Amino acid sequence: MAAHILHRLRHALAGEGGREERARGSSEAEDFPESSELEDDTEGLSTRLSGTLSFTSHEEEEDEEEEVDGAGEELGEPLQPAGAAAEWSPAAERPGSSLLTRQLQELWRKSRGSLAPQRLLFEVTSASVVNERSSKYVLYTIYLIRSGRFDKAPAVIARRYSDFERLNRRLRCRFSCDMASIAFPRKRLRRNFTAETIAKRSRAFEQFLSHLHSIAEIRRSPEFLEFFFLQDLRAAQRLTCTGMYREALATWANAYRLQDRLGVCSSGRFLLTLAGLAVCHQELDELCEAHSCCEQALQLLEAQGSHPLLGPFLQAHVHLAWKVGKDKRRSEARLQDLREAGPPLQQQPTLKEYLIKEPLE
């Protein structure tokens, strides 16, 4: 009997202890409800996770961060993960990144012109009726404008209807297939000088020149190119021969701009234009400008073994370089090579002599 009472007392005490443990366990189970169903697998868990986890206290982490920050401040370099230090070191990364930046900048500079190609626009800015003793005609003033760029000085021509008609006839004889789809304003017997007719022809001439320039074979043809600058070259040569250097200089300069807009800055006509500019600048005592013209011409002649203007340009460049205090040794060496390879330089004309004698047909 006593044993039975003692057993019940132990059971009651054990029940109270169990309720306290269950109360504490229930609060933990609210946070981790799965914990009551897990078995104690400490050894297996530690075996599976061995070597993959590391734990540090907050104080140790702060100490490590302070040490790493201090090291970064001393080195003056960005911090890298410890495990990737060998692969991603700052010393190895910086040259590659700067190289990539330079490549991107170079590609951007090259792509500016290719992404937005420049167009040459032809704009009739004015038209005036000219009365002469034997004839009456309309003179159209046309500007050559590069889209997307600001030109300080305009490239301008003044042409009458007969000039356009002559160009149209010459191009149709040579490029009959390409010219078949290009319209040209027909000639009228009456009402040629009314404002309405002049306005319509102005727009028609703009479209006519734009259409011609859009065809590669035509815009490179002598017929098309000389329509723009041959008249200026002849006028500038005539003014230079008569000693009117100031007027000639303006005409040579406009011919230069016209050839620049049309993209023919390596032709024989362009070299003749540079010769005219150099002669006029030198006669007007503008020696630095004359020297620059000679330098540009010699750069164009660099790839050519021989040219009638090479000797005259070299002699003028040496003389002008001595006048303005520039280096003339390279030109003197090229002159020496010419002496050894060809006729004496005394037999070669000066720039001015060549300019006066050169026929412009």
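Start with the whole surface: the protein exposes about 24500 Å², and carbon and sulfur atoms supply 52% of it. Keep in mind as you click around that this is a predicted model. Switch to cartoon view and you should find 15 helices and three strands. Of the 361 residues, 31% count as buried. If you like contact maps, take the contacts with a separation of 6 or more: residues 24 or more positions apart account for 57% of them.

**Stop 1: the sheet**

Select 120-131, 136-146 and 155-160, which are strands S1, S2 and S3. Together the three strands make an open sheet, ordered S1-S2-S3, with antiparallel pairing. S1 and S3 are the edge strands, each pairing on one side only. Look along the sheet for the twist, which averages 25° from one strand to the next.

Now zoom in on S1 and S2. Eleven bridges join these two antiparallel strands. To see one bridge, pick Val 130 and find its partner in S2, Tyr 137.

**Stop 2: helices on the sheet**

Keep the sheet on screen and add 195-213. This is helix H7, which packs on the sheet and touches S1 and S2. Its direction makes about 140° with that of S1.

Next, add 245-262 for helix H10. H10 lies across S1, S2 and S3, and runs at about 95° to S3.

While you're there, show the side chain of Asn 254, which sits in H10. Is Asn 254 buried or exposed? Asn 254 is buried, with a relative accessible area of 8%. Leave aside the neighbours within four places in sequence, and Asn 254 is in contact with Pro 154, Ala 155, Val 156 and Asp 232. Ala 155 and Val 156 fall within the 155-160 stretch of edge strand S3, so you already have part of that environment selected.

**Stop 3: the nonpolar core**

Hide the cartoon and show side chains. The largest nonpolar core has 67 residues. Which of its members touch the most others? Select Phe 208, Leu 209, Leu 212, Phe 228, Leu 262, Phe 313 and Leu 351. Then colour 268-283, helix H11, which gives the most to this core, with nine residues.

Center on Phe 208 next. Beyond the neighbours within four places in sequence, its contacts are Phe 164, Leu 167, Asn 168, Met 179, Ile 182, Ala 183 and Phe 184.

**Stop 4: the aromatic rings**

Show every Phe, Tyr and Trp ring. The structure holds eleven aromatic pairs. Try Phe 184 and Phe 205: their rings are 6.2 Å centre to centre with 45° between the planes, a tilted pair. Phe 184 lies in the loop between helix H6 (176-179) and H7, while Phe 205 is in H7, so this pair ties together parts that are 21 residues apart in sequence. Both Phe 184 and Phe 205 are buried.

For another geometry, go to Phe 224 and Phe 228. Their ring centres are 5.0 Å apart and the planes sit at 70°, so this pair is edge-to-face. Both belong to helix H9 (residues 222-241), and being four residues apart puts about one helical turn between them. Phe 224 and Phe 228 are both buried too.

Finish by selecting Phe 122, Tyr 140, Tyr 161, Phe 164, Phe 184, Phe 205, Phe 208, Phe 224, Phe 227 and Phe 228 together: ring pairs link these residues into a cluster.

Key. Residues are numbered from 1 along each chain as its sequence is written. This is a predicted model: local features need pLDDT of at least 70, side-chain atom pairs count only at pLDDT 80 or more; totals for chains, interfaces and linings use all residues. Side-chain values use heavy atoms; hydrogens and water are left out. Two strands pair if DSSP finds at least two bridges between them. Axes are lines fitted to C-alpha atoms, for helices over the stretch in contact, and angles run from 0 to 180 degrees between N-to-C directions. Contact means heavy atoms within 4.5 Å. A nonpolar core is a set of buried Ala, Val, Leu, Ile, Met, Phe, Trp, Tyr and Cys residues joined through side-chain atoms within 4.5 Å. Buried means under 20% relative accessible area, exposed over 50%, partly exposed in between (1.4 Å probe, protein chains only). Accessible areas come from the Shrake-Rupley method with a 1.4 Å probe; for residues, only the protein chains shown count as cover. Rings of Phe, Tyr and Trp (its six-membered ring) pair if their centres lie within 6.5 Å; planes under 30 degrees apart count as stacked, over 60 as edge-to-face and the rest as tilted.
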